[in-house]
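Work through the exercises below with the model open beside you. Try each task before you read its solution.

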Amino acid sequence: MISEIDTAFWPVYTAAAVFAIVYVLVVTEKINGGLAAIIGALALLVLGIVDWNAALSHHIALNTLLLLVGMMITAAAVDRSGIVHFTALRIVQMVSGSLPAVLVVVTLIAALTSAVLGSGPALLLLAPLILRIGRTLRIGPVPFLIMSVIACNLGGMTTLAGSVPNMMIGTAADMDTRNFAAHLLQPALILLVVHVALLMLIFRREMKQGGDRKTELASLDPSSYVTSRTRARLSLGVLVLLIAGLVWHDALNMSSGIVAIAAALLMLGIHVHSGDELRQIRDRMDFKTLGVLVGFYVLAGGLVETGIIGEIAMRLLELTNENKTLTALVLFAVSGLFSAVLDPVPLIAASIPLIQTIGLQMEVVRPADLQGLWWALALGSGIGSSGTLAGSVAGGLAAGLAQKEGYRFSYLSYLVVAFPLTLLALAAGGWYLYTNIL
């Protein structure tokens, strides 16, 4: 019981109550989530529940913040270069006679873009193009938007920079993009193929409506998205350097966050030559997510310092009889189901110290012995985030952009299609985790 924890009474319940209240405010979006998280964190710091020095030196992962900021700036600059839009539209024009082929192309581009830039930026880049293609072909974009959200989440699961949860896990577990790709690329590809096949079956009537649309698609000019060929080429070069840096940052004796910041500075040098251009980059920054991340690092620190995380870890180990495989499967199921309906960032922020505490209580000496728990957390949150539009940044962006353009793309219309698929994917992912990773 929590009352048995050897600590003062009020800090324990205060830390738990503040964490719960802020969590509810973030997931219900009653107020700005970043602001709520920062206020909650400040409350714990001012009350002395979390030590200021411990928050800055231990609880807040600076590398994750640098990685996130660098990727945000890079994604905003890539948007200005137009290279993603140009490439996507050119490929779509090549397969314009078949809507199933268009769905496959959109899926692959969404997955690849999210693996490089992150799931949120990838969706933000591709959704306007998807809506424009749908309008040109006179078809509803819902099947393509649903698959784009799923593809962005699954593609983002495969790299260090592909999602905020991955950034957090990678920093805590000292993993790089090679680690993520080696363990999660195969299940992501398998699930992508299965999702495309099932969506073609679900939307088979819509897939027959397109006919030959080469004339209509030919009227779209891919080069109109590229404002400067020189900037586009330089941006592509920086992206290649960024990917290489994230893969081999250890060999370069640099952290992944420093690599991302270096790429961001190069992108700023290419694309920012005036105050107006700098403001356009700034406007694309997701300060809410940054606030949520910083705030929940401190809030999770409060759960650690008051002993709550230790108590949960002990109960979990009692439940699983200290079996690491069973513990990993429990973490996978919990992270997958919660990520399907709630923002996964607060969940990951609390899960990281939980896994670290489990390692201490199991007296794990080698970090490799905890790898199964980290992969369970990454795989569960990556698959589960596609369950509802509230489960990922990509989902919320897709809904907002579609409604702004006058298309009906409600949370319910997404839920009835995506949630059953996500449950099937979680079952398959759990089996893959058990047979191939644990």
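A salt bridge is a side-chain nitrogen of Lys or Arg within 4 Å of a carboxyl oxygen of Asp or Glu. This is a predicted model, where local features need pLDDT of at least 70, side-chain atom pairs count only at pLDDT 80 or more, and totals for chains, interfaces and linings use all residues. Residues are numbered from 1 along each chain as its sequence is written, and side-chain values use heavy atoms, with hydrogens and water left out.

**Exercise 1. Salt bridges**

Task: Find how the side chains of Asp 176 and Arg 178 meet, then classify the accessibility of each residue.

Solution.
- Step 1. Check the distance. N and O are 3.3 Å apart, and the two side chains form a salt bridge.
- Step 2. Learn the accessibility classes. Buried means under 20% relative accessible area, exposed means over 50%, and partly exposed is in between (1.4 Å probe, protein chains only).
- Step 3. Apply them. Asp 176 has 4% relative accessibility, so this residue is buried. Arg 178 has 41%, so this one is partly exposed.

Task: Repeat this for Arg 282 and Asp 283.

Solution.
- Step 1. Their closest N and O atoms are 3.4 Å apart, and a salt bridge is formed.
- Step 2. Arg 282 is partly exposed because its relative accessibility is 43%.
- Step 3. Asp 283 reaches 56%, so that residue is exposed.

Task: Place the salt bridge of Glu 318 and Arg 315 in its helix.

Solution.
- Step 1. The N to O distance is 3.2 Å.
- Step 2. Recall what a helix is here. Helices (H or I, at least four residues) and strands (E, at least two) are DSSP runs, numbered from the N terminus.
- Step 3. Both residues belong to helix 17 (residues 308-320). They are 3 residues apart, about one turn of the helix.
- Step 4. Arg 315 is partly exposed, at 35%.

Task: How many salt bridges does a search of the whole structure find?

Solution. The search finds 7 salt bridges. Salt bridges also link Arg 80, Arg 231 and Glu 277 into a network.

**Exercise 2. Aromatic pairs**

Task: Classify the ring pair of Phe 19 and Phe 296, and locate both residues.

Solution.
- Step 1. Use the rule. Rings of Phe, Tyr and Trp (its six-membered ring) pair if their centres lie within 6.5 Å; planes under 30 degrees apart count as stacked, over 60 as edge-to-face and the rest as tilted.
- Step 2. Count the pairs. The whole structure holds 5 aromatic pairs.
- Step 3. Classify this one. The centres of Phe 19 and Phe 296 are 5.3 Å apart, with 85° between the planes, and the pair is edge-to-face.
- Step 4. Locate the partners. Phe 19 sits in helix 1 (residues 9-28) and Phe 296 in helix 16 (residues 287-305). The pair links distant parts of the chain, 277 residues apart.
- Step 5. Check burial. Phe 19 has a relative accessible area of 12%, so it is buried. Phe 296 has 0%, so this residue is buried.

Task: Now classify the pair of Trp 431 and Tyr 434.

Solution.
- Step 1. The ring centres are 6.2 Å apart and the planes meet at 40°, so the pair is tilted.
- Step 2. Trp 431 and Tyr 434 both lie in helix 22 (residues 411-437), 3 residues apart.
- Step 3. Trp 431 is exposed, at 58%. Tyr 434 is partly exposed, at 45%.

**Exercise 3. Around Phe 296**

Task: Which residues does Phe 296 touch, not counting residues up to four places away in sequence?

Solution.
- Step 1. Contact means heavy atoms within 4.5 Å.
- Step 2. Phe 296 touches Phe 19, Val 22, Tyr 23, Val 26, Ala 37, Pro 346 and Ala 349.
- Step 3. Ring pairs join Phe 19, Tyr 23 and Phe 296 in a cluster.
- Step 4. A nonpolar core is a set of buried Ala, Val, Leu, Ile, Met, Phe, Trp, Tyr and Cys residues joined through side-chain atoms within 4.5 Å. The largest one has 150 residues, and Phe 296 is among those with the most contacts inside it.

**Exercise 4. Positive phi**

Task: Where does Asp 174 lie, and what is its phi?

Solution.
- Step 1. Most residues other than glycine have a negative phi.
- Step 2. Phi of Asp 174 is near 55°, a positive value.
- Step 3. Asp 174 lies in the loop between helix 9 (164-173) and helix 10 (177-202). Asp 174 is exposed, at 61%.
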